[in-house]
Amino acid sequence: MELTQTNRLTPGPRVSAPRGAYRALAPRAQARASAPETRALGLGWLSVGLGLAQLIAPRQVAQLIGVDDDERTCLGMRAIGLRELVCGIGLLSETRPATWAWARVAGDVMDLALLGYAWKGDPPSAERALSVAGSVVGVTLLDVQAAYALARDGVAPLAHGVRVRHGITLERSPDEVYAFFRRLENLPSFMYHLQSVTESGDRSRWKAKGPAGISVEWEAELVEDRLGQCIAWRSLPGADIGNRGRVDFRPGPGGRGTELIVELSYDPPAGAVGAKLAQLFGREPSQEISADLRRLKQVLETGEVIQSDASIHRGLHPARPSALSAQVSERKVTR
Amino acid sequence: MKANCWIGKQHVRVEDVPDPQILNRRDAIIRVTSTAICGSDLHLYNGLVPSMEKGDVLGHEFMGEVMEIGPDVKNLRVGERVVVPFPIACGACRACKDENFALCENSNPNAWMAEKLWGHSPAGLFGYSHLLGGFAGGQAEFVRVPYADTGPLKVPDGLSDEQVLFLSDILPTGYMGAEMCDIEPGDVVAVWGAGPVGQFAMKSARLLGAERVIAIDRFPYRLNMALEHGGATEVIDYEQVDVYEALLSMTAGRGPDACIDAVGLESHTHGPLYALDRAKQIARLQPDRPLALRQAIRCCGNGGVVSVIGVYGGLIDNFPMGAVVNRGLTIRAGQCHVHRYMKPLLERIERGELDPSFVVTHRLPLAEAARGFEMFMNKHDHCEKVVLKAA
């Protein structure tokens, strides 16, 4: 069982919680596992900020660090700003962070050389020179340290994954709910971002709509399958978006049908930045899952997903009968 | 088809819109014969309910003839005459099995919106905002009814539309308001609001054995109706007397055993607190104006029940929780679980114990819906209840 890997994401509590205390999923920020990676992200944002300042206000930056603010310097300053921006985005994308950290080290060395060159002609006050050069040297040391640490640790897979947990109570027995869910082909009938799931043996092929309508695919394998109790799967190497999921089915108290708890995690493309962007353009993943579960409940309890005059369009629309309604997805539900 | 559409604040218009179609297997299409304007439609009319969209078809009190049924509707046949309950309920979830139909867990496709506002979502309703599903309503020539195998009640031909139309909402709502009071012999029940729901709450309180029923309103014609038809034994015009003082003296200091708020979020009274509440509502600082509710809590006798059937949508200020706790009051509330009450109430109508048609003061063709709203809103021409004839 690979769930140890997901557990790794939950930071150990400093004081042990009482037994039975509800533990929320680790929020994304806490899910960042290692200190070097956190530092790398910090350096990334520093790069972005600095780069933007140099691109937008080169003259002011030049004045601040005590170099000439003529046209030539400003042009050079902009070029350096562009370099910073690229490095920053590279670090924030969390792909090959060590390389980007080393690129920052090279940039720092270049900056020190340029500073020396600029100050040779027109030296600033000793105080200012010391503080500016001191800052650059300090940042250089941080960069070297981060680059070493990142190169040593390698890139931790799923370290920044988006995780969602949700539950719903259904008026059906755990066996019935399990049986419906276990036929993975059924999933797209209520998980609207999925286009298809096809099963062959222990493996399954998933097709989904990613952010901005991009189609993504992956192969997954079952890692746990207990009749009427639990299903867990994870994507195989080579997936467009690495992900894993787990669904637990347990009888509700006092004959309240089934309590279904689902946990999903996935690696958004381009790491933290990608996750933020996906959120901006799409819906919150936790809201998406909650809507999926509600549709699952509708399918299992009433036979199909309910439509209203407003729901058959995307977004808010007047609740008037629509001429388009005839085309409403006759979403086939296999039961 | 023609349908009465919400256009904006205090603006409705009958427009030509496409006919409804079967979208789910358990749908039916009803040809509407009679439909009514509800007091709660006025909250939409006044723009106090969020998530209304220009063009939304209004109306949640309607009845008519089955035109078309989906493949999974086995209990209805084309041509049958039905009354449709205003909450949309699947009949299969836990809430429906417990007969809490207005809390159906499956019928609101926009449940996430309601969850944001209220924490959890209730059932979807006809013609009552996107928050509650975005379902086109019944102030129209035709309407799509989801879960048609659960909701619509067949009605005998011997009864007129006006005798059975109110089974869709206001009669069961008033009845539930009285039922929640746990009325015992000797009980005095005070009812705030002598609109149609208030009238039916009074009538029901008497049917359920209340000794005395006191109606509270500011329109003499409504108070007269309460005395003549609604079953009220006494009335209070709150523009003439102080309600608290009056109730104290009418009950020899005990206060009513139960108080029913059949007013909701747009209550009126006078005084600085009213002005403040009104201003806050206009400024969107307080969505609901709870004057009747506050007064009902203050007046209710120790250990009594405050039954809230008037509609509230959001937050209220200055809620007298101290009175509730220290005097052991019980507050009960809810949108009516109409399905639960339709059949027994229809039987009472058939037996002649109840004739809800007494509330109807105006009958208009659907095309004049806008005039109906204006008249009902401003209480012109002693307006109590407007029925729109769609066919």
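This note goes through a strand of chain B with its neighbours, and then a single residue of chain A, in what is a predicted model.

1. In chain B, strand S15, which spans residues 305–308, has side chains on two sides: Val305(B) and Ser307(B) point one way, while Val306(B) and Val308(B) point the other way, and all of these are buried. In a regular strand the side chains alternate between the two faces of the sheet.

2. S15(B) pairs in the parallel sense with strand S14 of chain B, made up of residues 258–261, over four bridges. Within this pairing, Ser307(B) in S15(B) stands opposite Ile260(B).

3. Strand S16 of chain B, covering residues 330–333, also pairs with S15(B) in the parallel sense, over four bridges, and here the bridge partner of Ser307(B) in S16(B) is Arg332(B). Between S15(B) and S16(B) the chain passes through helix H11 of chain B, residues 321–326, in a β-α-β crossover that is right-handed.

4. Turning to chain A, Val247(A) belongs to strand S6, which runs over residues 243–251. Val247(A) counts as buried because 20 other C-beta atoms lie within 10 Å, and the cut-off for that class is 20 or more.

5. Leaving aside residues up to four places away in sequence, Val247(A) touches Phe181(A), Cys230(A) and Ile231(A), and it also touches Leu260(A) and Val262(A). For Glu224(A), which lies 23 residues from Val247(A) along the chain, the separation between the two C-alpha atoms is 9.8 Å.

Key: Residues numbered from 1 in each chain as written. Chains lettered and ligands numbered in written order. Predicted model: local features only at pLDDT ≥ 70, side-chain atom pairs only at ≥ 80, totals over all residues. Buried ≥ 20, exposed ≤ 12 C-beta atoms within 10 Å, placed from the backbone. Pairing = 2+ DSSP bridges. Right-handed = clockwise from strand over helix to strand, strands pointing away. Contact = placed C-beta atoms within 7 Å.
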